[in-house]
Amino acid sequence: MLSGKKTVEALDRMELMYPDAKGELDHETPFQYLIAVIMSAQATDVSVNKVTPTLFASYPTAHDLAKAPLEDVMEKIKTIGLYKNKAKNIIKTSQMLVEQYDGEIPQTIKELVKLPGVGIKTANVVAGDMFNVPAIAVDTHVERVSKRLRICKQSVSVTEVEEVLMKKIPRERWVQAHHTIILFGRYHCTARAPKCEGCPLLDMCIEGQRNLIKKEK
DNA sequence: ATCCCGAGGG
DNA sequence: CCCTCTGGAT
């Protein structure tokens, strides 16, 4: 298992590769960001950014989306996949925001996860990016990178990955670390064909060294 | 553990 | 063709 010190070293090297890492979902308000993050489940941010201009042109606020016809919302977000559940969730979430928060969005993770379509990952992302609440959202990229680098064991759950990362990374770096690891996973340590050749982290990555040996054959 | 679910990449 | 994408609810 990679120690806390080595984990920070790995993070430092990733930050050199992606010094300005931040969320890539287009939005103009915290409400729109919440909706975009909900829709980004099992979808690329590129595909989400493709539907949000149309969606938010018709329904820019929680008050608007709360009254939107389900069929119309489904039609507008169809291309992102899982669209039936997502359409229901973002309308219902908007209705709850209107009823409980006057159309604004709550600032705590505890309150955010009560909204339909909002799990711990989405809540962490929104609270971290919009309100600077210290959190590490573990998505598919963060999980894959953490396990490949042996920051945590292969078998652990998403919750445990989050716990290990919070222990090994200083609190003030949590929010930024999330974005850095995401970009490293999205563009470099990819799921299918990771760019192990010449990777700055190769010397601390057993998985990467194995991959290169495999390539030799 | 299973379902949802279209688009893009290799 | 098969795999993957900033998961969540049941």
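This is a short dialogue on reading a predicted model of a protein with DNA strands B and C.

Reader: Before we start, what are the ground rules for this model?

Author: The model is predicted: local features need pLDDT of at least 70, side-chain atom pairs count only at pLDDT 80 or more, and totals for chains, interfaces and linings use all residues. Residues are numbered from 1 along each chain as its sequence is written, chains are lettered from A and ligands numbered from 1 in the order in which they are written, and side-chain values use heavy atoms, with hydrogens and water left out.

Reader: Okay, helices. How many residues of helix α9 are buried?

Author: First, the terms. Helices (H or I, at least four residues) and strands (E, at least two) are DSSP runs, numbered from the N terminus. Buried means under 20% relative accessible area, exposed means over 50%, and partly exposed is in between (1.4 Å probe, protein chains only). Here, 7 of the 9 residues of α9, which spans residues 140–148, are buried, so the helix is largely enclosed by the rest of the structure. The buried ones are H141, V142, R144, V145, S146, K147 and R148.

Reader: And what covers those buried residues of α9?

Author: Look for contacts, meaning heavy atoms within 4.5 Å. The cover includes α1 (4–17), α10 (158–168), α11 (174–188) and α12 (206–216). Step just past α9 and you'll meet R150, which takes a positive phi of about 60°.

Reader: R144 is on that buried list. Which side chain of opposite charge is nearest to R144?

Author: For charge, Lys and Arg count as positive and Asp and Glu as negative; His and the chain ends are not counted. A salt bridge is a side-chain nitrogen of Lys or Arg within 4 Å of a carboxyl oxygen of Asp or Glu. The nearest opposite charge to R144 is D139, 7.6 Å away, and buried R144 has no salt bridge.

Reader: Then where do I find polar partners for the R144 side chain?

Author: Check polar contacts: pairs of N or O atoms within 3.5 Å (within protein, one must be able to donate a hydrogen and the other to accept it, and residues adjacent in sequence count only if both atoms are side-chain atoms). A polar side-chain atom of R144 lies 2.9 Å from the backbone oxygen of G185, and there is a 3.1 Å pair with the backbone oxygen of C189. Leaving out residues up to four places away in sequence, R144 touches G185, R186, C189, T190 and A191.

Reader: On to the DNA. Which residues surround strand B?

Author: A residue is near a molecule or strand if one of its heavy atoms lies within 4 Å of it. For DNA strand B, the list is K50, K78, T79, G81, L82, Y83, K84 and R192. By class, they divide into 2 nonpolar, 2 polar and 4 charged. (Ala, Val, Leu, Ile, Met, Phe, Trp, Tyr, Cys and Pro count as nonpolar, Asp, Glu, Lys and Arg as charged, and the others, Gly among them, as polar.)

Reader: What parts of strand B do L82, K84 and R192 meet?

Author: A backbone N or O atom of L82 sits 2.6 Å from a sugar or linking oxygen, while a polar backbone atom of K84 is 3.3 Å from a phosphate oxygen. R192 uses its side chain, with an N or O atom 2.4 Å from a base nitrogen. Of the strand B atoms within 4 Å of the protein, 57% belong to sugar or phosphate and the rest to bases.

Reader: How many residues are around strand C?

Author: There are 28, of which D45, K121, T122, R144 and R192 come nearest. The classes are 10 nonpolar, 11 polar and 7 charged. For strand C, 63% of the atoms within 4 Å of the protein belong to sugar or phosphate, and the rest to bases. In the K121 side chain, an N or O atom is 3.5 Å from a base oxygen of strand C. A polar side-chain atom of D139 lies 3.1 Å from a sugar or linking oxygen of that strand, and R186 places a polar side-chain atom 3.3 Å from a phosphate oxygen.

Reader: Last one: how many salt bridges does a search of the whole structure find?

Author: The search finds 9. In one, R13 pairs with D203, the closest N and O atoms being 2.6 Å apart. R13 lies in helix α1 and D203 in the loop between α11 and α12, so the pair ties together parts that are 190 residues apart in sequence. R13 is buried at 19% relative accessible area, whereas D203 is exposed at 53%.
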